[in-house]
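This report walks through a few parts of one structure for a reader who has not met it before. Please keep the sequence and the 3D view at hand while reading.

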Amino acid sequence: MSESIARIVRPVALVCALTALIAASPAPAAAGAHTFELTIQDTVITLVENQKFHTFAFNGQVPGPLIHVKEGDDVTVKVTNLTTLTHTIHWHGLVQNGSWRMDGVPGVTQPAINPGDTFTYHFKAEPAGTYWYHCHVNVNEHVSMRGMWGPFIIDPLNPTPLEKKVTRDYVLMMGAWPSKWAMKPGYGGVPGDVEDYFTINGKSYPETQPIRVKKGDVVRFRLFATSDVLHSLHIHGHVFLIAFKDGHRLPQPIEADTVLVAPGERYDLIMVANNPGRWMVHDHIDTHTTNAGKPMGGVMTTIEYEGVERTDDWYEWKDKKFVPDFYYEESLRKPYGMYENTALKGQPAQ
Ligand code: CU
């Protein structure tokens, strides 16, 4: 095959693989009931190297524990505030049909939860999709730069044919951090702040983790932008489908290799792992791949295929200690429930 034909055929083969994904069947289940307990704790996390950040972390981790339930489930969450500031929890994207007092907005749907107090949220998990929970007190500080967020995944009663083919599921919550305010809780998150650290699941490269797949996997990436900056995520070597926007299925998924995620948004990408190798995944807002101005850092990781050697002595992650579940990929395979994640825990603040 000539070089020019190969150049055309290869992308066509990729697109055919993606098109073949859009076709298959449904399957429902009975509604469940869940009671979860969350605490809000003054917690110091390390983004990378010596860059620590004082957070108000759910159960002492950033992002917070995974909440994973089925569409229509009855959910009760007891939230205890162990910090010295007030907080609430907003369940971003859940419609709260008939339960508006559970929407978590201080001064609108409830009084803020005082230090030492507990508030119980009770609502129905709907609609299905990729959602998140976050504080709604001083969001400019608590959400944008104190790590007060976690993934809330609601599986659909009737999955799309495309999502039924998924074999691996990853949560990537991207964030940005102005180091000026790192150890000054109660301050910051104001116009003019300079975000100089950027993270996936609370870590900056090289402290992020590789995404390990095998050829033939159908991989779902659930992207979140939690802070005040845009992220433009590029996956090398693959064409993916943008299949869901803010939890909702797109009538016609869009083929792409880069996706822009604005603050608060979520995109679910579905991709066939059909190109064995080692591939960069990074924020194409290029300054977001620095740590305090130094490249390479921030929002970067790699896709590593099973069977591809990692022994090149110049490979930056040749000796990387692999930490499973960094992207909640193992927790997402477990029965419905709430899952803490040791990989994401910080230290109690002094
Ligand atoms: Cu808060």
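## Strand β14 and its hairpin

F240 stands opposite A256 in β15. The model is a predicted one. Strands β14 and β15 (residues 248–256) run antiparallel to each other and are joined by five bridges. Two residues lie between the strands of this hairpin, and D246 there has a positive phi near 55°.

Strand β14 is mostly covered, with five of its six residues buried. F240 also has a partner in another strand, since it stands opposite M271 in β17. Strand β14 (residues 240–245) and β17 are paired in the antiparallel sense, with five bridges. A further position in this pairing is F244, which faces D268 of β17.

## Strand β17

How many residues of strand β17 are buried? Seven of the seven residues in β17 (residues 266–272) are buried, and the strand is described as mostly covered. The side chains point two ways: R266, D268, I270 and V272 go one way, while Y267, L269 and M271 go the other way. Residues of both sets are buried.

Besides β14, strand β17 pairs with β12 (residues 218–225), in the antiparallel sense and over seven bridges. In that pairing, R222 has D268 as its bridge partner in β17. D268 thus appears in two pairings, opposite F244 and as the bridge partner of R222.

## The copper site

Which protein atoms serve as donors to the copper ion? They are ND1 of H87, SG of C135 and ND1 of H142, at 2.0 to 2.1 Å from the ion. Along the chain the donors follow the spacing H-x47-C-x6-H.

C135 has a relative accessible area of 0%, so it is buried. H142 is buried too, because its relative accessible area is 1%, and the cut-off for buried is under 20%.

## Aromatic pairs

The structure contains 13 aromatic pairs. One of them is formed by F53 and W177, whose ring centres are 4.8 Å apart and whose planes meet at 65°, an edge-to-face arrangement. This pair joins distant parts of the chain: F53 belongs to strand β2 (residues 51–58) and W177 to strand β9 (residues 168–177), 124 residues apart. F53 and W177 are both buried.

In the pair of W91 and F152, the centres lie 5.9 Å apart and the planes stand at 75°, so this pair counts as edge-to-face. It also links distant parts of the chain, with W91 in strand β5 (residues 90–92) and F152 in strand β8 (residues 149–155), 61 residues apart. W91 counts as buried because its relative accessibility is 0%. F152 is buried as well, with a relative accessible area of 0%. W91 and F152 belong to a cluster linked by ring pairs, which also includes F58, F119, Y121, F123 and Y133.

## Charges over rings

Two arginines are placed over aromatic rings. R212 lies over the face of F322, 4.1 Å from the ring centre. R278 has its charged end over the ring of Y315, at 4.0 Å from the centre of that ring.

## T301 in strand β21

Is T301 buried or exposed? T301 counts as buried, because its relative accessibility is 0%. The residue lies in strand β21, which covers residues 300–305. Its side chain reaches the backbone oxygen of Q209 at a distance of 2.6 Å.

Leaving aside residues up to four places away in sequence, T301 touches I200, T208, Q209, P210, I211, W279, M280, V281, W317 and Y327. Q209 is therefore both in this list of touched residues and the partner of the side chain of T301 through its backbone oxygen, T301 being buried at 0% relative accessibility.

## Two exposed lysines

K321 is located in the loop between β21 and β22 (337–339). With a relative accessible area of 66%, K321 is exposed. The C-alpha atoms of K321 and Q209 are 8.7 Å apart, while the two residues are 112 residues apart along the chain.

K180 sits in the loop between β9 and β10 (197–200). K180 is exposed because its relative accessible area is 58%, and the cut-off for exposed is over 50%. Between the C-alpha atoms of K180 and D193, which are 13 residues apart along the chain, the separation is 8.1 Å.

Methods
Residues numbered from 1 in each chain as written. Predicted model: local features only at pLDDT ≥ 70, side-chain atom pairs only at ≥ 80, totals over all residues. Heavy atoms only, no water. Helix = DSSP H or I, 4+ residues; strand = E, 2+ residues; numbered from the N terminus. Buried < 20%, exposed > 50% of the residue type's maximum accessible area, 1.4 Å probe, protein only. Polar contact = N/O pair within 3.5 Å; in protein donor to acceptor, adjacent residues only side chain to side chain. Contact = heavy atoms within 4.5 Å. Pairing = 2+ DSSP bridges. Donors = N, O, S within 2.8 Å, 3.2 Å for Na, K, Ca; no water. Phe/Tyr/Trp six-rings, centres within 6.5 Å; stacked < 30°, edge-to-face > 60°. Lys NZ or Arg CZ within 6 Å of the ring centre and 35° of its normal.
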